[in-house]
Amino acid sequence: MPPILPSNLLSRRAGPRLCNRSAALLIIGLSWGLSQWLVASQAQMLPIQSALWLQAALAALLSLCLAQPWWWWLINSSFLPSVHFALAQHWPASVFLLALLLLGLVFGAIFLTRVPFYPSQPAVWSLVETMVPDNKSWSVLDMGSGIGGFCLHLARRRPLCRVLGIEWAWLPWLLSHLRARHRGSAGRFVRGDYRQHSLAGHDLVFAYLSPAFMPALWQKACREMKPGAWLVSCEFAVPGQPALALAGSGVGGIPPVYAWRMGQPASVVSDSTLA
Ligand SMILES: C[S@@+](CC[C@H](N)C(=O)[O-])C[C@H]1O[C@@H](n2cnc3c(N)ncnc32)[C@H](O)[C@@H]1O
């Protein structure tokens with residue numbers, strides 16, 4: 001079991017998040033402004049290539065200032081050039097329809113669940129792994145298992161455990177299923193809705209969802225999870241519920257990992273009661 005702390009001892013990340021939101025707005029604003037400029041460029045105000053380069057450079061610069069991960073630079077700076085490139089190809093409308101379908105297969109019913117696909121980091125998996133005893137046959141559930149990284153890791157590191165992932169979106173589910181078969185992993189993946197799955201039999205439930213679902217998740221966990229079982233959430237806390245947090249999370253680019261032991265207030269869970 002890793003050292004576990006009251007979560008208010010974790011470094012606060014509200015500042016950077018706020019910054020990220022402002023940066024996103026700024027980038028959107030700049031992109032919109034420049035797209036208007038692009039339209040005007042048809043009237044020879046500005047060569048289109050220059051405007052695209054300018055937008056890409058500004059977006060990359062803002063990503064850099066905000067210490068965003070490298071792939072955000074890539075997304076932010078390539079967005080407008082990609083739109084320009086796609087329009088310039090005069091592709092048939094079916095290409096865009098296909099892209100939309102593909103996105104639907106990856107992101108599922110995000111407009112209903114408000115939980116996007118976004119894989120957690122191996123550093124998080126290693127921290128959560130240390131909560132799971134290697135000499136007991138725990139049942140572990142990943143609610144919304146994406147492409148299965150957490151489950152596959154845990155099934156490999158804790159062979160006695162029964163590890164189950166539930167995923168709504170077809171393509172990530174299929175990938176996780178194929179990855180498990182390819183690796184001969186004991187991890188199991190089911191395609192479905194975690195809201196319909198009972199949490200009763202699980203010793204640890206891992207969730208990396210979104211702030212939108214946390215209050216409902218907490219209600220579900222209180223109703224269904226057995227006393228002593230762990231609810232673990234990557235990045236998102238439950239509003240108004242004091243949590244513990246895994247030491248080593250919330251620093252160095254690793255998101256905070258919150259933990260609640262069902263049936264016990266965070267204040268009475270001490271190191272001696274963790275195993
Ligand atoms: C942030 S990702 C986390 C993926 C994975 N747990 C990980 O740590 O890498 C959340 C996942 O939950 C899935 N999801 C969202 N709502 C769901 C639902 N109601 N039932 C099952 N999966 C859902 C999304 O498709 C997405 O793959």
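The following questions and answers examine how the descriptions of this predicted model follow from their criteria.

Residues are numbered from 1 along each chain as its sequence is written. Because the model is predicted, local features need pLDDT of at least 70 and side-chain atom pairs count only at pLDDT 80 or more, whereas totals for chains, interfaces and linings use all residues.

Q: What is the mean pLDDT of the chain, and which stretches have pLDDT below 50?
A: pLDDT is the predictor's confidence in each residue, from 0 to 100. The chain has a mean of 85, and 83% of its residues reach 70 or more. Residues 11–16 have a pLDDT below 50 and make 2 contacts in the model beyond near neighbours in sequence, a contact being a pair of residues whose C-beta atoms, placed from the backbone, lie within 7 Å. Residues 270–275 also have a pLDDT below 50, with 5 such contacts. Where pLDDT is low, the predicted coordinates should not be read in detail.

Q: What secondary structure does the chain contain?
A: The chain has 9 helices and 8 strands. These are DSSP runs numbered from the N terminus: helices are H or I with at least four residues, and strands are E with at least two.

Q: Why is His90 called exposed?
A: A residue is exposed if 12 or fewer other C-beta atoms lie within 10 Å of its own, buried if 20 or more do, and partly exposed in between, with C-beta atoms placed from the backbone. His90 has 6 other C-beta atoms within 10 Å, and therefore counts as exposed. It is found in the loop between helix 3 (70–89) and helix 4 (93–107).

Q: Why does Arg114 count as exposed, and Gln121 as partly exposed?
A: Arg114 has 12 C-beta neighbours inside 10 Å, so it counts as exposed. Gln121 has 15 such neighbours and is therefore partly exposed. Arg114 is found in the loop between helix 5 (110–113) and helix 6 (122–129), and Gln121 also has its place in the loop between helix 5 and helix 6. The C-alpha atoms of Gln121 and Cys234 are separated by 9.8 Å, although their positions lie 113 residues apart along the chain.

Q: What makes the phi angles of His90 and Arg114 notable?
A: Most residues other than glycine have a negative phi. His90 has a positive phi of about 55 degrees although it is not a glycine. Arg114, likewise not a glycine, has a positive phi of about 60 degrees.

Q: Why is strand 8 (residues 257–261) described as largely enclosed by the rest of the structure?
A: Of its 5 residues, 4 are buried, so the description follows. In the chain as a whole, buried residues make up 31% of the 275 residues.

Q: How do you know that strand 8 pairs with strand 6 (residues 230–234) and with strand 7 (residues 244–246)?
A: Two strands pair if DSSP finds at least two bridges between them. Strand 6 and strand 8 are joined by 5 bridges and run antiparallel. Strand 7 and strand 8 pair in the antiparallel sense over 2 bridges. Ala259 in strand 8 is the bridge partner of Val232, and also that of Leu244.

Q: What makes a set of residues the largest nonpolar core here?
A: A nonpolar core is a set of buried Ala, Val, Leu, Ile, Met, Phe, Trp, Tyr and Cys residues joined through C-beta atoms within 7 Å. The largest such core has 48 residues, and those with the most contacts inside it are Leu204, Val205, Phe206, Val232, Val257 and Ala259. Helix 7 (residues 149–157) gives the most to this core, with 5 residues. Beyond four places in sequence, Val232 touches Val128, Met131, Leu204, Val205, Phe206, Val257 and Ala259.

Q: Which residues of helix 7 are buried, and what do they pack against?
A: The buried residues are Phe150, Cys151, Leu152, His153, Leu154 and Ala155. They pack against elements including helix 6, strand 2 (139–143), strand 3 and helix 8 (170–183).

Q: How many residues surround the ligand, and how do they divide?
A: The ligand is surrounded by 23 residues, the closest being Thr113, Ser120, Gly144, Gly146 and Trp168; a residue is near a molecule if its C-beta atom, placed from the backbone, lies within 6 Å of it. The shell divides into 12 nonpolar, 7 polar and 4 charged residues. Here Ala, Val, Leu, Ile, Met, Phe, Trp, Tyr, Cys and Pro count as nonpolar, Asp, Glu, Lys and Arg as charged, and the others, Gly among them, as polar. Helix 7 and strand 3 (162–167) each supply at least two residues of this shell.
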